[in-house]
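Grab a pencil and work through these exercises with the structure open beside you. Try each task before you read its solution.

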Amino acid sequence: MGLRLEDVVVRKVVTIRPEISARAATDIMEAKSTSCLIVMTDDRIEGILTSRDVIQRVVAGGLDPSVVTVGEIATHPVIVLRPETFLGEAIK
């Protein structure tokens with residue numbers, strides 16, 4: 001028996017709506033001590049926003065983080081796996 005995702009993943013995730021600004025998103029990341037946010041509309045996952053997304057798509061692009069929205073820079077689609085998936089399967 002090997003490790004499953006539920007053995008190693010973070011259980012408490014922080015969500016954000018796609019219309020929020022990149023600036024507000026980075027404030028949330030800082031306040032919650034996290035480097036990623038799950039982008040949600042109602043009960044549907046729209047994408048994931050990472051600090052790398054902000055750096056590559058906003059900072060490096062010279063864009064105004066107060067104007068750019070999370071929905072414009074988040075990575076999508078998101079691949080979702082069940083918690084009982086074995087780690088080896090998830091890596092594949």
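**Exercise 1: the sheet**

In which sense do S2 and S3 pair, and over how many bridges?

*Solution.* Before you start, note that this is a predicted model: local features need pLDDT of at least 70 and side-chain atom pairs count only at pLDDT 80 or more, while totals for chains, interfaces and linings use all residues. Residues are numbered from 1 along each chain as its sequence is written, and side-chain values use heavy atoms, with hydrogens and water left out.

Step 1. Get the vocabulary straight: helices (H or I, at least four residues) and strands (E, at least two) are DSSP runs, numbered from the N terminus. Two strands pair if DSSP finds at least two bridges between them.

Step 2. Look at S2 and S3: they pair in the antiparallel sense, over six bridges. As a landmark, find Cys36, which sits opposite Thr50 in S3.

Step 3. Now zoom out to the open sheet, which has three strands in the order S1-S2-S3, with mixed pairing. S1 and S3 are the edge strands with a single partner strand each, so one side of each has no neighbour in the sheet.

**Exercise 2: the whole chain**

Work out how many helices and strands the chain has, and in what order they come.

*Solution.* Step 1. Count them: there are five helices and three strands.

Step 2. Walk along from the N terminus, and you'll read α-β-α-β-β-α-α-α.

Step 3. Check how much is hidden: of the 92 residues in the chain, 23% are buried (under 20% relative accessible area; exposed is over 50%, partly exposed in between; 1.4 Å probe, protein chains only).

**Exercise 3: one helix, two faces**

Find the buried residues of H2 and say how they are placed around its axis.

*Solution.* Step 1. The buried residues of H2 are Ala22, Ala25 and Met29.

Step 2. These residues span an arc of only 55° around the axis (taken from the directions from the helix axis to the C-beta atoms), which puts them on the same side of H2. Here's the rule behind that: an α-helix has 3.6 residues a turn, so residues three or four places apart point the same way.

Step 3. Turn to the face of H2 pointing away from its buried side, and you meet the exposed residues Glu30 and Ala31.

Step 4. Ask what does the covering: S1, S2, S3, H3 and H4 are included in what lies over the buried residues of H2.

**Exercise 4: the core**

Which residues have the most contacts inside the largest nonpolar core?

*Solution.* Step 1. Know what you're hunting for: a nonpolar core is a set of buried Ala, Val, Leu, Ile, Met, Phe, Trp, Tyr and Cys residues joined through side-chain atoms within 4.5 Å.

Step 2. The largest one has 13 residues, and Leu49, Val70 and Ile73 have the most contacts inside it. H2 (22-32), S2 (36-41), H3 and H4 (70-73) each give two or more residues to this core. H2 gives the most, with three residues.

Step 3. Zoom in on Val70. Not counting residues up to four places away in sequence, Val70 touches (heavy atoms within 4.5 Å) several residues, including Ile16, Ala25, Val39 and Leu49.

**Exercise 5: a polar residue inside**

Is Asp53 buried or exposed?

*Solution.* Step 1. Locate Asp53 in helix H3 (residues 51-59).

Step 2. Its relative accessibility is 5%, so Asp53 counts as buried.

Step 3. List its company: beyond the neighbours within four places in sequence, Asp53 is in contact with Ile48, Val58, Ile73, Ala74 and Thr75.

**Exercise 6: backbone oddities**

What is the sign of phi at Ser33 and at Asp42, and where do these residues lie?

*Solution.* Step 1. Ser33 has a positive phi near 50°, in a residue other than glycine. Ser33 lies in the loop between H2 and S2, and is exposed with a relative accessible area of 69%.

Step 2. Asp42 has a positive phi too, near 55°. Asp42 lies in the loop between S2 and S3, and is exposed at 63% relative accessible area.

Step 3. Finish with a peptide bond: the one from His76 to Pro77 is cis, with omega near 0°. Pro77 belongs to the loop between H4 and H5 (87-91).
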